[in-house]
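Student: Hi! I have a protein open on my screen and I'd like to talk it through with you. Can you help me find my way around?

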Amino acid sequence: LLLSFNLVAIALEEKTVITKLGDNATLTCIYRERELHLKNLRVYWQIADDQEECSVVHALISGQDNESEQCIHFKNRTQLFWDRLGKGDFSLLLLNVSQDDERTYKCVVMQKTEYTRMIHQAEVVLTLAASYSQPVLSGPIRNSDSAGEEVTFSCRSGNGYPEPNVYWINKTDNSHLPPSELKITPHADGTYSVFSTLKVEATSNMQIECSIENKLLQENLSAKYMEKQINDSSTESHKNLEKNGRGAQAAGIISIVILIGLLAVFTCWLWRRRSSKLASY
């Protein structure tokens with residue numbers, strides 16, 4: 001009855017922690033009311049869901065880690081910050097988080113004096129996320145006179161979590177375009193890949209952007225297709241090729257002229273030498 005009363009009387013702290021798959025996560029549990037003696041404390045980290053067969057994530061009893069009831073899933077993956085325990089910081093470090101760790105965790109601190117009573121409790125919601133790869137946007141290859149035809153763009157990205165939002169944007173007026181196809185594929189490691197296509201009527205100056213949004217990480221990655229830049233680049237490359245071609249042609253002509261001059265000098269020298277010998281004879 002006393003324990004039940006304490007559960008109601010003590011405020012429950014609630015926090016949310018967002019971490020990336022494979023990283024380490026710190027679940028916060030801090031009690032700053034008074035100086036504490038570890039030998040008089042019991043600290044339990046557990047899964048808040050009562051339906052779990054095994055709920056013990058980590059236990060500290062009388063100043064020592066107790067692994068006797070720890071769930072196998074958390075073996076060798078949890079650590080307390082020993083230099084902070086005396087100051088009431090019972091935060092838990094969870095190593096190498098996976099999708100199975102995305103849960104609500106509860107920290108319960110019990111103190112034994114004349115009787116055992118709960119002095120602090122906190123809940124931490126662990127939410128996982130993973131950054132998506134830089135999207136790859138493939139645009140149509142077409143002639144400049146194909147305005148009015150329907151063209152297809154495709155955009156792909158992967159290795160992200162959770163499911164993303166995908167946006168197609170016409171950058172000429174920043175209007176949003178509905179995707180023609182959107183396919184999100186889950187993978188064994190818990191991440192997703194996304195593939196989307198867009199079919200639009202071709203214009204003389206298309207500027208299309210594909211954007212992949214991860215709301216949890218507040219990340220927005222985009223790729224752009226700007227046909228005008230591509231045409232300008234092609235024109236510039238063509239100009240460079242013409243310029244280089246003209247330079248090579250001029251160098252070839254100069255080389256021929258020099259060769260002809262050398263041949264003429266050599267011929268003149270031979271003629272003079274022969275004339276000199278004939279005169280001596």
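**Bridges, bonds and a core**

Tutor: Happy to! Let's begin with R84: at 34% relative accessibility, R84 counts as partly exposed. Keep in mind that this is a predicted model.

Student: Okay, what does R84 form a salt bridge with?

Tutor: Its partner is D89, and the closest N and O atoms of the two are 3.6 Å apart.

Student: And is D89 buried or exposed?

Tutor: D89 has a relative accessible area of 9%, so it counts as buried. The cut-off for buried is under 20%.

Student: How many salt bridges are there in the whole structure?

Tutor: A search of the whole structure turns up four. As a general point, side chains of opposite charge can pair when their charged atoms come close.

Student: Tell me about another one. What does R77 pair with?

Tutor: R77 forms a salt bridge with D101, and their closest N and O atoms are 2.5 Å apart. R77 sits in the loop between β5 and β6, while D101 sits in the loop between β7 (92–94) and β8, so the pair ties together parts that are 24 residues apart in sequence.

Student: Are those two buried or exposed?

Tutor: Both R77 and D101 are buried.

Student: Where else should I look for a salt bridge?

Tutor: Try E209 and K224, where the closest N and O atoms are 3.9 Å apart. E209 lies in strand β16 and K224 in strand β17 (residues 219–226), so this salt bridge ties together parts that are 15 residues apart in sequence.

Student: Why does K224 count as exposed?

Tutor: Because its relative accessibility is 52%, and the cut-off for exposed is over 50%. E209, on the other hand, has a relative accessible area of 8%, so E209 is buried.

Student: Which residues are joined with E209 into one network?

Tutor: K171 and K224 are, through salt bridges that share partners.

Student: Switching topic: how many disulfides does the structure hold?

Tutor: It holds three. Counting bonded cysteines along the chain, the pattern is 1-4, 2-3, 5-6.

Student: Let's take C29. What is it joined to?

Tutor: A disulfide joins C29 to C107, with an S to S distance of 2.1 Å. C29 is in the loop between β2 (25–27) and β3 (41–47) and C107 is in strand β8 (residues 104–112), so the link ties together parts that are 78 residues apart in sequence. Both cysteines are buried.

Student: Why is that disulfide called left-handed?

Tutor: Because the torsion about the S-S bond of C29 and C107 is about -65°.

Student: What about C54?

Tutor: C54 is joined to C71, again with an S to S distance of 2.1 Å. The torsion about their S-S bond is about -110°, so this disulfide is left-handed too. C54 lies in the loop between β3 and β4 (56–61) and C71 in the loop between β5 (64–65) and β6 (78–80), 17 residues apart.

Student: Is C54 buried or partly exposed?

Tutor: C54 counts as partly exposed, because its relative accessibility is 31%. C71 has a relative accessible area of 5%, so C71 is buried.

Student: And C155?

Tutor: C155 forms a disulfide with C210, their sulfur atoms being 2.0 Å apart. C155 is in strand β11 (residues 150–160) and C210 in strand β16 (residues 207–214), so parts 55 residues apart in sequence are tied together. C155 and C210 are both buried.

Student: Now the inside. Which residues have the most contacts in the largest nonpolar core?

Tutor: They are W45, F90, Y105, L126 and F153, in a core of 48 residues. Strand β9 (residues 116–129) gives the most to this core, with five residues. The core also draws at least three residues from each of domain 1 (14–128) and domain 2 (133–226).

Student: What is L126 in contact with?

Tutor: Leaving aside neighbours within four places in sequence, its contacts include V17, L27, L94, V97 and Y105. D101 is also one of them, and you met D101 earlier as the salt-bridge partner of R77.

Student: Last one: where does UniProt place the "transmembrane region"?

Tutor: The unreviewed UniProt entry places that feature at residues 250–271. In the model, this stretch is 100% helix and 0% strand, with its end C-alpha atoms 32 Å apart.

Notes. Residues are numbered from 1 along each chain as its sequence is written. This is a predicted model: local features need pLDDT of at least 70, side-chain atom pairs count only at pLDDT 80 or more; totals for chains, interfaces and linings use all residues. Side-chain values use heavy atoms; hydrogens and water are left out. A nonpolar core is a set of buried Ala, Val, Leu, Ile, Met, Phe, Trp, Tyr and Cys residues joined through side-chain atoms within 4.5 Å. Buried means under 20% relative accessible area, exposed over 50%, partly exposed in between (1.4 Å probe, protein chains only). Helices (H or I, at least four residues) and strands (E, at least two) are DSSP runs, numbered from the N terminus. Domain bounds come from an automatic or database domain assignment. Contact means heavy atoms within 4.5 Å. A disulfide is a pair of cysteine sulfur atoms within 2.5 Å. UniProt positions are given in the numbering used here, feature names are shortened, and annotations may be inferred rather than shown by experiment. A salt bridge is a side-chain nitrogen of Lys or Arg within 4 Å of a carboxyl oxygen of Asp or Glu.
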